[in-house]
Amino acid sequence: MDIDRKAFLESLGGAEGVARMDSEARADALESRMMSELNSAIAAKNSGETKPAKTYPTVAEVEAQIESRPYRAGVGFMMVPRSGENVKKLPPMPANPTLADFFKLRFADTANHVLQSANLAMKNGMSEEVILACLLHDVVQEIMRTDHGWWGAQLFEPYVPEKVSFAIRYHQALRYYADPSVGYEYPELYRELFGADYVPPPYIQATYEMVRKHKWYMEPRMVAVNDLYAFDPNVVVTIEPFTDIIGRHFKQPKEGLGNDGSSVAHMWRTIIRPDQPL
Ligand SMILES: [Fe+2]
Ligand SMILES: [Fe+2]
């Protein structure tokens, strides 16, 4: 179907706003928009009215999209590509894979976004813990998107300082709540993804209240601040500028991630071999 391209771009902050978004966020936003416009068109046709297209879908419209997809929105990007194309055979990984190996060989859909976020945090003079949290904050979305703050914190907890896993876990909840003191506003993208009238569920609300009063509140808040905004689409960031920070704060197991017998080794093995049927 045709969508109003100009209105769509404007709803995402114009061409610049779109350039700042990672590819999956763009794909999701486009998909949401198309479904929203389709629903509005059907509703207008049924009621005999010609209503102008809404800027954002409602929660009900977002929910109506569920049965339009052959997959659930929570499934990770490496598991189900949003392009609709077949998956590709993945390159083999070294016997003792490091975090950098995962960035180079497995985090194809999330690396660019988190590297840009870490780069921004570094430019903004954030602590090494916040920079590392930014570098790791969304990569778990390769395998699971639902509650990705909690999944992500769990994936990294055995290897990073507690402050870093705290920041990863709670950035998810804080992203729904503005904090004008640090210039953080509710993301426009969320109106598109969740619906204009979306209210976060009670556990997100309770988590926010808890973190708001916590002495480490600013750790996850700074991940949120350095997350979506102010990306420079012309900057190509590599993992190399972060090698020293990783070396100082990430306990790389000598057997390699996935072979270390930690409580989360299976999660790393799942990323190494996502084509294993069982
Ligand atoms: Fe996130
Ligand atoms: Fe993010």
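**Two irons and a pair of helices**

In this predicted model, two iron ions, ligand 1 and ligand 2, sit 3.8 Å apart, and Asp-138 coordinates both of them. Let's start with ligand 1. Which protein residues act as donors to this iron ion? They are Asp-138, through OD, His-148, through NE2, and His-171, also through NE2, lying 2.2 Å from the iron ion. Read along the sequence, the spacing of these donor residues is D-x9-H-x22-H.

Now trace where two of those donors come from. Asp-138 belongs to the loop between helix 7 (128–136) and helix 8 (148–156), while His-171 is part of helix 9. They are 33 residues apart, so this pair links distant parts of the chain. Are they buried or exposed? Asp-138 has 8% relative accessibility, and because buried means under 20%, Asp-138 counts as buried. His-171, at 1%, counts as buried too.

Helix 9 is worth following a bit further. Spanning residues 162–174, helix 9 packs against helix 11 (residues 202–212) at an angle of about 125 degrees, and their axes are 9 Å apart. That angle is why helix 9 is called oblique to helix 11. Their crossing is left-handed.

So who does the touching? On the helix 9 side, the contact is made by Phe-166, Tyr-170, Gln-172, Ala-173 and Leu-174. Helix 11 brings Tyr-203, Ile-204, Thr-207, Tyr-208, Met-210 and Val-211. Sort these contact residues by class and you get nine nonpolar, two polar and no charged ones.

Terms used. Residues are numbered from 1 along each chain as its sequence is written. Chains are lettered from A and ligands numbered from 1 in the order in which they are written. This is a predicted model: local features need pLDDT of at least 70, side-chain atom pairs count only at pLDDT 80 or more; totals for chains, interfaces and linings use all residues. Side-chain values use heavy atoms; hydrogens and water are left out. Axes are lines fitted to C-alpha atoms, for helices over the stretch in contact, and angles run from 0 to 180 degrees between N-to-C directions. Helices (H or I, at least four residues) and strands (E, at least two) are DSSP runs, numbered from the N terminus. Angles under 35 degrees count as roughly parallel, over 145 as roughly antiparallel, 65 to 115 as roughly perpendicular and the rest as oblique. A crossing is left-handed if the near helix is turned anticlockwise from the far one by less than a right angle, and right-handed if clockwise. Contact means heavy atoms within 4.5 Å. Ala, Val, Leu, Ile, Met, Phe, Trp, Tyr, Cys and Pro count as nonpolar, Asp, Glu, Lys and Arg as charged, and the others, Gly among them, as polar. Donors are N, O and S atoms within 2.8 Å of the metal (3.2 Å for Na, K and Ca); water is not among the atoms, so sites may look incomplete. Buried means under 20% relative accessible area, exposed over 50%, partly exposed in between (1.4 Å probe, protein chains only).
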